[in-house]
Amino acid sequence: MSMFKKLASYIFPFSKKIHSNINGVLEVNWVNGKKVLDSPNANYSFGNLQKVLHFGLEKVYDSTVENILILGMGGGSVIQTLRNEFKYTGNITAVEIDPILIQIAHNEFGVVASPTLEIVLNDAVIYLQQNKQRFDLVIVDLFIDTEVPGGVMQKEFWLDLRNSMSENASVIFNYMNPQGTPSNFKIMLQYLDFEMQEYTYVLDTNSIMILRA
Ligand SMILES: C[S@@+](CC[C@H](N)C(=O)[O-])C[C@H]1O[C@@H](n2cnc3c(N)ncnc32)[C@H](O)[C@@H]1O
């Protein structure tokens with residue numbers, strides 16, 4: 001963003017609308033000198049969402065992590081957090097179902113594939129079914145606007161996810177309900193032998209679950 005636009009955004013917030021068949025009308029907004037990505041009813045990237053995931057990373061990130069899987073790349077703000085704030089230089093695989101989001105991440109936020117960043121256009125549910133790699137940290141940040149897709153709440157998704165985790169791996173699951181995840185979902189995770197800790201009212205809007213297998 002140019003310095004002029006950055007300064008002007010303190011007085012006149014700028015907005016650009018981008019239509020996606022999957023996510024609806026997305027908005028790139030410049031507010032108080034910062035560019036963020038919003039869906040119709042939620043912040044998608046580089047705003048509160050980025051702070052919520054930062055909270056999750058503070059709970060689990062350590063220097064032994066070498067391979068990270070991000071399910072739901074969006075605009076890629078957690079990639080920026082990992083690289084700039086946690087100084088993570090290892091491999092990241094980012095899975096995203098919406099090609100428009102991959103374009104936005106590139107064009108608006110400079111997120112591009114590299115030898116240490118693989119961007120995969122796929123449904124996360126299918127990706128996990130087919131995946132053979134193991135990851136030390138998995139970030140599950142899957143939303144269509146404010147809703148977590150139905151498949152993500154199913155037993156099969158978490159069984160496949162467990163098969164993608166290395167021995168001491170952790171999972172950060174972001175859920176947009178301040179009061180936490182449904183009790184039947186927690187029972188299902190317990191049944192699958194996940195250890196879990198839930199943090200509710202993270203920035204008043206979200207809950208974060210930390211899981212270990
Ligand atoms: C809140 S955004 C992710 C923000 C991102 N993690 C960040 O750090 O900026 C949620 C993303 O999940 C994606 N998504 C929703 N369902 C998906 C699915 N089944 N497979 C892969 N991506 C999906 C959406 O297209 C959207 O880009």
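Reader: Which helices and strands each supply at least two residues of the shell around the ligand?
Author: Strand E4 (43-45), helix H2 (48-60), helix H3 (77-85), strand E6 (91-96) and helix H5 (124-130). Helices (H or I, at least four residues) and strands (E, at least two) are DSSP runs, numbered from the N terminus. A residue is near the ligand if its C-beta atom, placed from the backbone, lies within 6 Å of it. Mind that this is a predicted model: local features need pLDDT of at least 70, side-chain atom pairs count only at pLDDT 80 or more, and totals for chains, interfaces and linings use all residues. Residues are numbered from 1 along each chain as its sequence is written.

Reader: Which residues come nearest to the ligand?
Author: Of the 27 around it, Ser45, Gly72, Gly74, Ser77 and Val78 do.

Reader: What makes the span of H2 agree with what's expected?
Author: The expected span is 1.5 Å times one less than the number of residues. With 13 residues H2 should span 18 Å, and its end C-alpha atoms are 19 Å apart, so the two agree.

Reader: Which residues of H2 are called buried?
Author: Leu49, Gln50, Val52, Leu53, Gly56 and Leu57. Buried means 20 or more other C-beta atoms within 10 Å of a residue's own, exposed 12 or fewer, partly exposed in between, with C-beta atoms placed from the backbone.

Reader: Why say that the buried residues line one face of H2?
Author: Seen down the axis, they fall within an arc of 160° (taken from the directions from the helix axis to the C-beta atoms), so one face it is. On the other side of H2, Glu58 and Lys59 are exposed.
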